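I set out to read this structure entry by entry and to note what I looked up. The entries follow in the order in which I made them.

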Amino acid sequence: MKFLKDLLKTVDKLPLWAKVILCIPALDLVWAIYRIVKGVVKKDAVLTIIGVLWVIGACTITWVFDLVTTVMYGHPKLT
């Protein structure tokens with residue numbers, strides 16, 4: 001479990017430009033995995049389900065949502 005917490009901290013500390021790069025279609029899976037891991041660590045079933053659904057939509061439309069919210073807020077929403 002410590003590894004998962006360290007993973008979340010590492011991703012949270014990334015500079016904005018790196019977070020934006022992770023929003024492009026193929027790499028948006030990183031944010032889906034981030035949501036799943038965060039849901040497991042926080043024992044939040046809704047966030048885990050959103051993460052799983054994000055895997056399905058990562059290469060279609062969800063990357064646009066992540067890109068816009070990352071630029072606006074510094075991190076993707078729904079995380």
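Entry on terms. I count a salt bridge where a side-chain nitrogen of Lys or Arg lies within 4 Å of a carboxyl oxygen of Asp or Glu. I also record at the outset that this is a predicted model.

Entry on confidence. I looked up the pLDDT scores before anything else. The chain averages a pLDDT of 89, and 97% of the residues score at least 70. Among the elements of the chain, I find the highest mean in α2, at 93, and the lowest in α4, at 89. I keep one caution in mind: where pLDDT is low, predicted coordinates should not be read in detail.

Entry on salt bridges. How many salt bridges does the rule give? I obtain a count of 2.

I took the pair K2 and D6 to begin with. Their side chains meet in a salt bridge, with 3.3 Å from N to O. Both residues belong to helix α1 (residues 2–12), and because they are 4 residues apart there, about one helical turn separates them. I then checked their accessibility. K2 counts as exposed because its relative accessibility is 62%, the cut-off for exposed being over 50%. D6, at 31% relative accessibility, counts as partly exposed.

I turned next to D66, which forms a salt bridge with R35; the closest N and O atoms are 2.7 Å apart. D66 lies in helix α5 and R35 in helix α3, so this pair ties together parts that are 31 residues apart in sequence. Are D66 and R35 buried or exposed? I find that D66 is buried and that R35 is buried as well.

Entry on helix α5. I checked the length of this helix, which covers residues 62–73. At 1.5 Å a residue, its 12 residues should span 16 Å, and the C-alpha atoms at its ends are 16 Å apart, so the two values agree.

Which residues of α5 are buried? I list T62, D66, T69 and T70. Seen down the axis of α5, the buried residues fall within an arc of 105°, so they line one face of the helix. I note the exposed residues V71 and M72 on the face turned away from that buried side. The buried residues of α5 pack against three helices: α2 (16–21), α3 (29–41) and α4 (45–57). After α5 comes G74, whose phi is positive, near 90°.

Entry on two residues of α5. T62 lies in this helix and is buried, since its relative accessible area is 13%, where under 20% is required. Setting aside neighbours within four places in sequence, I find T62 in contact with D28, W54 and G57. W63 is also found in helix α5. At 22% relative accessibility, W63 counts as partly exposed. I looked up its distance to I24: the two residues are 39 apart in sequence, and 6.1 Å separates them in space, C-alpha to C-alpha.

Entry on the nonpolar core. Which residues make up the largest nonpolar core? I record 8 residues: L8, V11, L22, C23, W31, Y34, V37 and V41. The elements that give two or more residues to this core are α1 and α3. The most comes from α3, with 4 residues. I followed one core member further. Apart from neighbours within four places in sequence, L22 is in contact with L14, L27, D28, V30 and W31.

Entry on the loops. I looked up P25 in the loop between α2 and α3. It counts as partly exposed because its relative accessibility is 30%. The C-alpha atoms of P25 and D66 are separated by 9.8 Å, although the two residues are 41 apart along the chain.

I then examined K43, which lies in the loop between α3 and α4. Its phi is near 55°, a positive value in a residue other than glycine. K43 is exposed, with a relative accessible area of 74%.

Closing entry. I return to D66, which appears in several of my notes. D66 is among the buried residues of α5, and it forms the salt bridge with R35.

Notes:
Residues are numbered from 1 along each chain as its sequence is written. This is a predicted model: local features need pLDDT of at least 70, side-chain atom pairs count only at pLDDT 80 or more; totals for chains, interfaces and linings use all residues. Side-chain values use heavy atoms; hydrogens and water are left out. The expected span of a helix is 1.5 Å times one less than its number of residues. Buried means under 20% relative accessible area, exposed over 50%, partly exposed in between (1.4 Å probe, protein chains only). The arc is that of the directions from the helix axis to the C-beta atoms. Contact means heavy atoms within 4.5 Å. A nonpolar core is a set of buried Ala, Val, Leu, Ile, Met, Phe, Trp, Tyr and Cys residues joined through side-chain atoms within 4.5 Å. pLDDT is the predictor's confidence in each residue, from 0 to 100.
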